[in-house]
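Let's go through this one by asking how each label was earned. Take a look at the structure first, then follow the questions.

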Amino acid sequence: MKKIFYFVMMALSAVTLTSCGDDESEGLTDVIYYPHLTITGDEFYISPIGQAYKDEGCKATLNSKDFTSNVRVTGLDAIDINTAGLYTVTYTATSPDGYTMSTKRTVAVCDPTITTDITGSYTTQAGTYRLRQGAEVPYVGFTCSFRKAAPGIFYCSDMLAGYYDQRAGYGKNYALAGYVQLLADGTIKALSGKVPGWNDSYDDFVDGKYDAETGTISFDCVYAGMDFFVVLQ
């Protein structure tokens, strides 16, 4: 009799567990599909100043099926074709299950008449120092580089010129890398920048200048409440 009772209870438990499992999984799929986005054209697009920008769009698939009609585009209205600089176009798609993916295109509106190229590796010179609460910390002999991305627009490996990356020995994640703009009169302006290790950026970037005669680059990068006066050659 005990054996019969035991088997009956086991059967009831199995039914109960199965019922609970069915209720909890109702309406759920076993596989999660995320939208897959592919930008059409260049991810870094060079657009001459004054010329209308026509976005090439972004394709999307979901579970190997076309999902492009569900892509939402933002940032196009912010592009000023008459002002040189970097602009971001963002493409976003959300699956029926609510999973969102996005990707971005950088549009570089540039002045083709700027032919000066400051591409190269530079070393911090005398006059380079960090100013914090009135105390100066000189740092000479550290390097950073500039690479041409578009006419008048250059990628800078570190706007702090090696202070944390090299001098402090923290590594590349603590370099303030970003883009700068060179104007016809030699003025240099910062367009963007980020320190991945601390996930922050510069507070200000002033007095940027390129001296064509000496090949010297100088600027004051204000970061975390400190001034980094940089002289490069």
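Q: Where is the place of Asn63?
A: You'll find Asn63 in the loop between E3 and strand E4 (65–66). Keep in mind that this is a predicted model.

Q: Why is Asn63 called partly exposed?
A: Its relative accessibility is 38%. Buried would need under 20% and exposed would need over 50%, so Asn63 lands in between and counts as partly exposed.

Q: What makes the phi of Asn63 worth pointing out?
A: The phi of Asn63 is near 55°, a positive value, and Asn63 is not a glycine. Most residues other than glycine have a negative phi.

Q: Which value of phi does Gln133 have, and where does Gln133 lie?
A: Gln133 also isn't a glycine, yet its phi is positive, about 50°. Gln133 sits in the loop between E9 and strand E10 (135–138).

Q: Is Gln133 buried or exposed, and how do you know?
A: The relative accessibility of Gln133 is 79%. Exposed means over 50%, so Gln133 counts as exposed.

Q: What makes Asp55 and Arg105 a salt bridge?
A: Their side chains meet with an N to O distance of 3.4 Å. The rule asks for a side-chain nitrogen of Lys or Arg within 4 Å of a carboxyl oxygen of Asp or Glu, so this pair qualifies. By this rule the count comes to one salt bridge.

Q: How do you know that the pair links distant parts of the chain?
A: Asp55 and Arg105 are 50 residues apart. Asp55 is in the loop between strand E2 (44–48) and strand E3 (58–62), while Arg105 is in strand E7 (residues 100–110).

Q: Are Asp55 and Arg105 buried or partly exposed, and why?
A: Buried means under 20% relative accessible area. Arg105 has 1%, so Arg105 is buried. Asp55 has 21%, so Asp55 misses that cut-off and counts as partly exposed.

Q: Why is Thr128 called buried?
A: Thr128 has a relative accessible area of 1%. The cut-off is under 20%, so Thr128 is buried. As for its place, Thr128 is in the loop between strand E8 (120–123) and strand E9 (129–132).

Q: Which polar partners does the side chain of Thr128 have?
A: One is the backbone oxygen of Gln125, which the side chain reaches at 2.9 Å. Another is the backbone nitrogen of Val231, 3.0 Å from a polar atom of that side chain. The limit for a polar contact is 3.5 Å, so both distances fit.

Q: What does Thr128 touch beyond residues up to four places away in sequence?
A: Thr128 touches Pro138, Tyr139, Phe229, Val230 and Val231.

Q: Why does Leu37 count as buried?
A: Leu37 has a relative accessible area of 15%, and buried means under 20%, so Leu37 makes the cut. Leu37 lies in strand E1. Among the residues it touches are Cys58, Val71, Tyr91 and Met101.

Q: How many residues separate Leu37 and Thr92 along the chain?
A: They are 55 residues apart, with 8.2 Å between their C-alpha atoms.

Q: What makes Ile32 fit for a surface patch?
A: A patch residue needs over 30% relative accessible area. Ile32 has 42%, so Ile32 passes that test, and it counts as partly exposed. Ile32, Tyr34 and Met101 form a nonpolar patch with about 280 Å² of accessible area together. Ile32 itself lies in the loop between helix H1 (2–25) and strand E1 (36–39).

Q: How do you know that E15 pairs with E14 and with E16?
A: Pairing takes at least two bridges. E14 (residues 187–194) and E15 (residues 204–211) have two, so they pair, in the antiparallel sense. Six bridges join E15 to E16 (residues 216–223), so these antiparallel strands pair as well.

Q: Which residues are bridge partners of Lys209?
A: Lys209 in E15 partners Thr187, and in E16 its partner is Ser218.

Q: How many helices and strands does the chain have?
A: The chain has two helices and 17 strands. Of its 233 residues, 33% count as buried.

Terms used: Residues are numbered from 1 along each chain as its sequence is written. This is a predicted model: local features need pLDDT of at least 70, side-chain atom pairs count only at pLDDT 80 or more; totals for chains, interfaces and linings use all residues. Side-chain values use heavy atoms; hydrogens and water are left out. Helices (H or I, at least four residues) and strands (E, at least two) are DSSP runs, numbered from the N terminus. Buried means under 20% relative accessible area, exposed over 50%, partly exposed in between (1.4 Å probe, protein chains only). A polar contact is a pair of N or O atoms within 3.5 Å; within protein, one must be able to donate a hydrogen and the other to accept it, and residues adjacent in sequence count only if both atoms are side-chain atoms. Contact means heavy atoms within 4.5 Å. Patches are made of residues with over 30% relative accessible area and no salt bridge: like charges are joined within 9 Å, nonpolar side chains (Val, Leu, Ile, Met, Phe, Trp, Tyr) within 5 Å. Accessible areas come from the Shrake-Rupley method with a 1.4 Å probe; for residues, only the protein chains shown count as cover.
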